[in-house]
Amino acid sequence: MIIRLGYVAMSMTVQNASPSRTMTATTFNKLMDREAAIRKLERLGAENIHNTLRLLRHNRAHDIMVFRISSKLIPLIGHEMLEEWDPIPTLAAEFEELGHYAKQHGMRVSFHPDHFTVLSTPKEDVLRKSIQDLDRHDAMLNAMGLGKEAMCNIHVGGSYGDKEKASKRFIHNFRELRPEIQQRITLENDDKTFNALDTLEIAEEVGVPMVLDIHHHAVNNNGEDARELWPRIRQTWLRHEDGESGPEETHLPPKIHVSSPRSDTDPRSHADYVEIGPLLSFLRVIAPTTPSLDIMIEAKKKDDALFRLMEDFKEQEGVSVLNQASIQL
DNA sequence: ACCTGTCAAGTCTGG
DNA sequence: CCAGACTTGACAGGT
């Protein structure tokens with residue numbers, strides 16, 4: 001099994017390269033010249049996109065092919081007071097440059113719209129905003145010139161006291177989405193409500209790939225073993241092309257999320273670095289059936305945690321290091 | 001230079 | 001029914 005490692009949004013080693021500088025709504029409103037304030041938001045957006053490009057260059061220098069782009073690239077986008085404002089065309093050149101670099105180097109990039117995007121919601125207004133958020137993520141990926149291989153990972157959402165109903169609502173709402181949006185979505189199990197099996201069943205039902213988060217699974221499960229769920233999870237990454245020719249590999253390897261508990265008293269929070277133990281035992285079990293896998297590291301120390309994990313992999317029996325960010329197992 | 005409270009958004013819990 | 005917690009990086013305002 002070939003495994004590629006990636007990390008999320010920002011770097012601990014590249015200095016002054018924040019991809020998510022922002023401005024608060026309060027500050028925006030205090031500025032007298034609204035046009036100038038909007039230009040300022042757009043400058044921040046351009047700067048965030050440019051810093052993301054710097055991170056991709058850093059990734060390339062370290063063989064890192066998997067990366068999640070920050071969803072906070074453009075400050076205040078989607079805010080109610082800025083409904084008329086569409087900065088994505090304004091930033092077309094910056095987006096194009098970023099996407100071109102990713103494509104040129106065969107990098108797998110993704111977004112993770114945050115937990116305010118909830119398709120299981122019973123509230124019409126929340127659903128409407130969630131769809132708008134997905135539309136904006138799709139528009140940004142389109143502006144980058146990236147196809148359906150660049151995906152948006154989301155959670156199922158809240159349960160509102162009845163997980164079964166919420167699950168049905170998610171499925172219904174998902175099916176109402178434009179097909180282009182549906183094709184961009186992956187579903188991830190969360191650490192509180194929709195566990196891996198719940199999420200898997202929904203992912204199968206609507207036909208989207210499932211991202212397994214093994215830390216979330218460790219703190220939210222009904223006694224299921226992730227290794228036993230894996231064959232079904234892996235299956236969600238196979239696609240019927242037009243329903244004709246049977247299952248085919250997508251252009252994408254399955255992806256999992258990896259992090260470690262901060263402490264025994266705070267097991268849900270993310271630790272600075274990743275413990276190799278539980279990860280490795282999972283990988284050894286799935287290796288024979290899984291030719292390739294991408295691992296998104298969700299540790300506080302970001303790329304620093306990735307480098308340290310690679311050091312740990314080097315010392316393991318049966319693991320060969322292919323380059324600075326990938327291994328064979 | 002450094003510290004503290006606050007921040008767009010949603011959901012859940014406890015009072 | 002409402003306030004606060006949750007979670008995160010970064011702002012904003014203060015010393």
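Biologist: What makes α2 of chain A, residues 34–61, agree with the expected helix span?

Modeller: This is a predicted model. In it, α2 has 28 residues and reaches 41 Å from its first C-alpha to its last. The expected span is 1.5 Å times one less than the number of residues. That gives 40 Å, and α2 comes close to it.

Biologist: Why are residues such as L41 and N59 of α2 called buried?

Modeller: Buried requires 20 or more other C-beta atoms within 10 Å of the residue's own. L41 and N59 of α2 are buried, and so are L44, G45, N48, I49, N51, T52, L55 and L56.

Biologist: Which elements do the buried residues of α2 pack against?

Modeller: They pack against β2 (66–68), α3 (87–90) and α4 (92–104). Just after α2, D63 takes a positive phi of about 65°.

Biologist: How do you know that the radius of gyration of chain A agrees with a compact globule?

Modeller: A compact globule of 329 residues would have a radius of gyration near 20 Å. Chain A has 20 Å, so the value agrees. Its C-alpha trace spans about 60 × 50 × 45 Å along the principal axes. Buried residues make up 40% of the chain.

Biologist: What makes R21 and K300 count as near DNA strand C?

Modeller: The C-beta atom must lie within 6 Å of the strand. R21 and K300 are among the residues around DNA strand C, which also include M10, S18 and H270.

Biologist: How do the residues of that surface near DNA strand C divide?

Modeller: Into 2 nonpolar, 7 polar and 3 charged.

Notes: Residues numbered from 1 in each chain as written. Chains lettered and ligands numbered in written order. Predicted model: local features only at pLDDT ≥ 70, side-chain atom pairs only at ≥ 80, totals over all residues. Rg over C-alpha atoms; globule rule 2.2 N^0.38 Å. Buried ≥ 20, exposed ≤ 12 C-beta atoms within 10 Å, placed from the backbone. Helix = DSSP H or I, 4+ residues; strand = E, 2+ residues; numbered from the N terminus. Contact = placed C-beta atoms within 7 Å. Nonpolar A, V, L, I, M, F, W, Y, C, P; charged D, E, K, R; others polar.
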